[in-house]
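Please follow this explanation with the structure open beside the text. It moves from the overall chain to single helices and then to charged side chains.

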Amino acid sequence: MSERSDDKGMGEVKARRLFSESLSSTSQSRKFIEVMRIVLKGVDGWPTIKQMADLADVSVRTQQRRLRAEGQTYDQLVEQTRAEHSVE
């Protein structure tokens with residue numbers, strides 16, 4: 001995962017902090033997915049599910065459970081974010 005050089009750049013430290021804060025939220029799954037969207041929009045390329053899980057310091061399985069709790073898959077999240085990003 002490489003950082004963007006423009007103002008949308010997402011530093012790894014910032015992303016990890018956002019994920020950490022999302023875990024203390026009362027609606028963890030929804031907040032976790034919001035953070036994933038922010039991270040996806042802030043990096044060049046599209047991180048794999050493993051890269052995103054590593055960044056969030058959770059297992060891929062935990063990430064999948066959180067996505068499923070909100071009725072989504074990682075692929076769906078990436079595709080939705082790509083679509084939103086292409087419109088911007």
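Read from the N terminus, the elements of the protein chain follow the order β-α-α-β-α-α-α. That amounts to five helices and two strands, in a model that is predicted. The protein chain has 88 residues, and 34% of them count as buried. Among contacts in the protein chain with a separation of 6 or more, 64% are between residues 24 or more positions apart.

Helix α3 is a convenient place to begin. The helix spans residues 49-56, and its buried residues are Met52, Ala53, Leu55 and Ala56. Viewed along the axis of α3, these residues fall within an arc of 160°, so they line one face of the helix. Just past the end of α3, aspartate 57 adopts a positive phi of about 60°.

Helix α3 also holds a salt bridge. Here the side chains of lysine 50 and aspartate 54 meet, with 2.7 Å from N to O. The two residues are four apart in α3, so about one helical turn separates lysine 50 from aspartate 54. How accessible are the partners, lysine 50 and aspartate 54? Lysine 50 is partly exposed at 45% relative accessibility, and aspartate 54 is partly exposed as well, with a relative accessible area of 38%.

The next helix is α4, residues 60-69, whose axis comes within 9 Å of that of α3 and crosses it at roughly 95°. How should that angle be classed? Angles of 65 to 115 degrees count as roughly perpendicular, and α3 and α4 are therefore roughly perpendicular to each other. On the α3 side, the contact is made by Ile49, Lys50, Met52 and Ala53, and on the α4 side by Val60, Gln63 and Gln64. Sorted by class, this contact of α3 with α4 comprises four nonpolar, two polar and one charged residues. Several of these residues have appeared already: Met52 and Ala53 are among the buried residues of α3, while Lys50 is the lysine of the salt bridge with aspartate 54.

Within α4, the buried residues are Thr62, Gln63, Arg66 and Leu67. Their arc around the axis is only 135°, which puts them on the same side of α4. The face of α4 turned away from this buried side bears the exposed residues Arg68 and Ala69. Of the buried residues of α4, Gln63 is one, and Gln63 also takes part in the contact with α3. Just after α4, a positive phi is found at glycine 71, with a value of about 75°.

The remaining part of this account concerns helix α5 and its charged side chains. One salt bridge there joins arginine 82 to glutamate 79, with the closest N and O atoms 2.8 Å apart. Arginine 82 and glutamate 79 are three residues apart in α5, so the separation is about one helical turn. Arginine 82 is partly exposed at 33% relative accessibility, and glutamate 79 is likewise partly exposed, with a relative accessible area of 46%. Elsewhere, salt bridges that share partners connect Arg37, Lys41 and Glu84 in one network.

Which residue forms a salt bridge with lysine 41? The partner is glutamate 84, and the closest N and O atoms of the pair lie 3.3 Å apart. This pair links distant parts of the chain, as lysine 41 belongs to helix α2 (residues 28-41) and glutamate 84 to helix α5 (residues 74-87), 43 residues apart. Both ends are partly exposed: lysine 41 has a relative accessible area of 25%, and glutamate 84 one of 33%.

Histidine 85 also lies in helix α5. Although histidine 85 and lysine 41 are 44 residues apart along the chain, their C-alpha atoms are separated by 6.9 Å. Is histidine 85 buried or partly exposed? Its relative accessible area is 21%; buried means under 20%, so histidine 85 counts as partly exposed.

In total, the structure contains four salt bridges. Among them are the pair of lysine 50 and aspartate 54, the pair of arginine 82 and glutamate 79, and the link from lysine 41 to glutamate 84.

Definitions and conventions:
Residues are numbered from 1 along each chain as its sequence is written. This is a predicted model: local features need pLDDT of at least 70, side-chain atom pairs count only at pLDDT 80 or more; totals for chains, interfaces and linings use all residues. Side-chain values use heavy atoms; hydrogens and water are left out. Buried means under 20% relative accessible area, exposed over 50%, partly exposed in between (1.4 Å probe, protein chains only). The arc is that of the directions from the helix axis to the C-beta atoms. Axes are lines fitted to C-alpha atoms, for helices over the stretch in contact, and angles run from 0 to 180 degrees between N-to-C directions. Angles under 35 degrees count as roughly parallel, over 145 as roughly antiparallel, 65 to 115 as roughly perpendicular and the rest as oblique. Contact means heavy atoms within 4.5 Å. Ala, Val, Leu, Ile, Met, Phe, Trp, Tyr, Cys and Pro count as nonpolar, Asp, Glu, Lys and Arg as charged, and the others, Gly among them, as polar.
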